[in-house]
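Got your viewer open? Load the model, and let's go through it one selection at a time.

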Amino acid sequence: MAPEALFYVFGAVAVIASLAVIGQRNPIYSVLLLIASFGALSGLYVLLDAPFVAVIQIIVYAGAIMVLFLFVVMLLNAPHEDTDYDERVHPLLRPGPMRFGAALAVALLAELGWALTRGETGDFGTASVPSVAAIGRALFTDYAFAFEVTSVLILVAMVGAVVLARRDAPGGR
Amino acid sequence: MTPLLFGQIVLTLFVFVALLSSAAVMVYMERKVAAMLQQRLGPYLVGPKGLLQPFADVIKLMFKEELRPLAADPFLFALAPIISACAAFAAFAVVPFGAETTIFGWIPEGLRLQVADVNVAVLVIFAIASMSVYGIVLAGWSSNSKYSLLGGLRSSAQMISYELSYGLALASVLLVANSLSLTDIVNHQAGTWLGFIPKWFVVVQPVGFLIYMTAGIAETNRAPFDFPEAEQELVAGYHTEYSSMSFAMFFLAEYINMVTVSAVATDLFLGGWHGPFLPASLGWIWFLAKVGAILFFYIWMRWTLPRYRYDQLMRFGWKVLLPLAVINLLVTAAGVLYLGA
């Protein structure tokens with residue numbers, strides 16, 4: 001099959017699966033559809049001649065992160081969204097966060113529209129994505145600052161999660 | 001159709017059938033070796049020396065009724081064994097098991113004994129291993145049974161914990177070989193030092209090999225790390241509610257995963273198809289012998305060591321194996337940097 005045809009197959013799977021993620025009533029199916037979407041994205045990376053990025057996409061997103069998502073969904077035993085299990089309004093459903101979410105959605109749409117109408121095309125035909133060694137070198141020289149700052153950010157998030165999750169904190173509730 | 005393409009297709013089918021039959025051989029081996037270790041006879045009635053026992057097992061499984069709990073999620077319940085089996089087969093696709101061959105001059109160009117020569121093969125294996133967790137988690141969840149759910153959670157927690165050490169052990173080999181392609185890594189191990197020490201990576205990376213094997217046993221959920229199936233606590237873990245062929249799929253996946261882990265260990269640490277006495281074209285005999293030895297070790301271990309406790313397993317994974325793997329990686333990196341690869 002020609003690469004163009006494969007592009008449309010992977011693209012269609014990615015778009016349809018992503019849209020279906022928000023249409024599910026059962027969060028487990030949402031997680032699985034998101035994995036399918038990541039898998040399709042990984043296929044697109046292979047078509048772009050970037051096998052390393054494709055495999056990392058599977059390992060990090062489809063493998064590690066989504067397993068944690070699945071864990072959270074299963075362990076919290078997240079109820080089907082259509083059950084009327086609790087009459088108290090969830091904090092995220094109060095007017096403030098709802099407006100914030102709507103604002104974010106508008107911003108996303110505006111950005112997408114801006115990016116799509118600029119008419120800029122990247123040239124992926126000639127330049128193949130460099131080898132693993134080149135990626136590593138770039139990551140630790142040109143992008144060292146961004147790389148390190150990101151890891152500090154993740155560390156902060158991790159510490160925050162531990163603090164929030166600890167129920168028996170001394171002097172706490 | 002070019003001869004090379006035809007050869008490729010035949011090779012793919014061959015690997016598929018070989019993996020299926022390796023599972024059958026493993027079932028027989030496991031029962032025979034277990035029996036020998038316990039001073040019993042093991043299967044001996046079906047066929048000569050009980051050799052047809054695996055076929056009898058499969059036929060029995062095929063004729064069993066397919067049961068599904070009423071409260072199970074029908075779609076995911078059916079999907080889970082498929083994910084497990086597919087992931088198991090897919091991982092072997094990037095494993096090379098012999099040098100290039102022309103099949104006795106039958107085809108003009110050399111055919112690699114590897115279904116797909118990917119230049120990031122090691123990472124592909126790692127990626128597929130991380131996908132196989134879903135089969136087990138979903139089986140546990142969709143069965144809607146307490147034992148299944150606990151088994152599924154346990155085994156996925158175990159696989160995630162040991163995947164880190166597994167990956168770090170792989171990384172230390174990659175540093176020494178300076179390549180992500182399994183074929184390159186194997187070819188790096190050709191020849192000997194001082195005429196008799198084989199240039200296998202197990203010699204330069206003994207700690208890496210131990211970490212890889214330990215994590216590999218945990219990844220494939222084998223004894224002494226077989227918590228998902230701890231029958232005293234969890235009946236049969238994630239596949240408690242499965243019967244007939246969908247149970248057989250999990251069984252198949254477990255054995256094929258063992259074969260893949262052993263084959264990758266052979267390629268990474270034991271020199272793949274390189275060995276003395278045999279010409280390069282017969283290297284696959286060495287490969288088979290090495291994989292067979294590791295598999296025998298697996299079975300031997302299962303009937304020798306008692307199962308750990310779950311908290312011991314977690315403590316060992318995070319507090320012993322992971323730091324050890326990190327130190328091994330650091331030492332290897334320093335060694336490669338200062339001594340050259």
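Start with chain A, and keep in mind that this is a predicted model. The domain assignment splits out two pieces to colour separately: domain 1 covers 1-82, and domain 2 covers 130-167. Drop a marker on the C-alpha centre of each, and domain 1 of chain A and domain 2 of chain A turn out to be 23 Å apart.

Now hop to chain B and select helix 8, residues 206-219, together with helix 12, residues 310-339. Their axes are 10 Å apart, and the packing angle is about 145°. Look at the handedness as well: helix 8 of chain B makes a left-handed crossing with helix 12 of chain B. To see what touches, show side chains for V207(B), G208(B), I211(B), T214(B), A215(B) and A218(B) on helix 8 of chain B, then G317(B), L321(B), L324(B), A325(B) and N328(B) on helix 12 of chain B. Colour this contact by class and you get seven nonpolar residues, four polar and no charged ones.

Keep helix 8 of chain B on screen and swap its partner for helix 10 of chain B, residues 244-269. Here the axes come within 11 Å and cross at roughly 170°, so helix 8 of chain B and helix 10 of chain B run roughly antiparallel to each other. This crossing is right-handed. Pick F209(B), Y212(B), M213(B), G216(B) and E219(B) from helix 8 of chain B, plus V261(B), A265(B) and F269(B) from helix 10 of chain B, to light up the contact. By class, the contact between helix 8 of chain B and helix 10 of chain B holds six nonpolar residues, one polar and one charged.

Note on methods:
Residues numbered from 1 in each chain as written. Chains lettered and ligands numbered in written order. Predicted model: local features only at pLDDT ≥ 70, side-chain atom pairs only at ≥ 80, totals over all residues. Axes fitted to C-alpha atoms, helices over the stretch in contact; angles between N-to-C directions. Helix = DSSP H or I, 4+ residues; strand = E, 2+ residues; numbered from the N terminus. Left-handed = near helix turned anticlockwise from the far one by under 90°. Contact = placed C-beta atoms within 7 Å. Nonpolar A, V, L, I, M, F, W, Y, C, P; charged D, E, K, R; others polar. Parallel < 35°, antiparallel > 145°, perpendicular 65-115°, else oblique. Domains from an automatic or database assignment.
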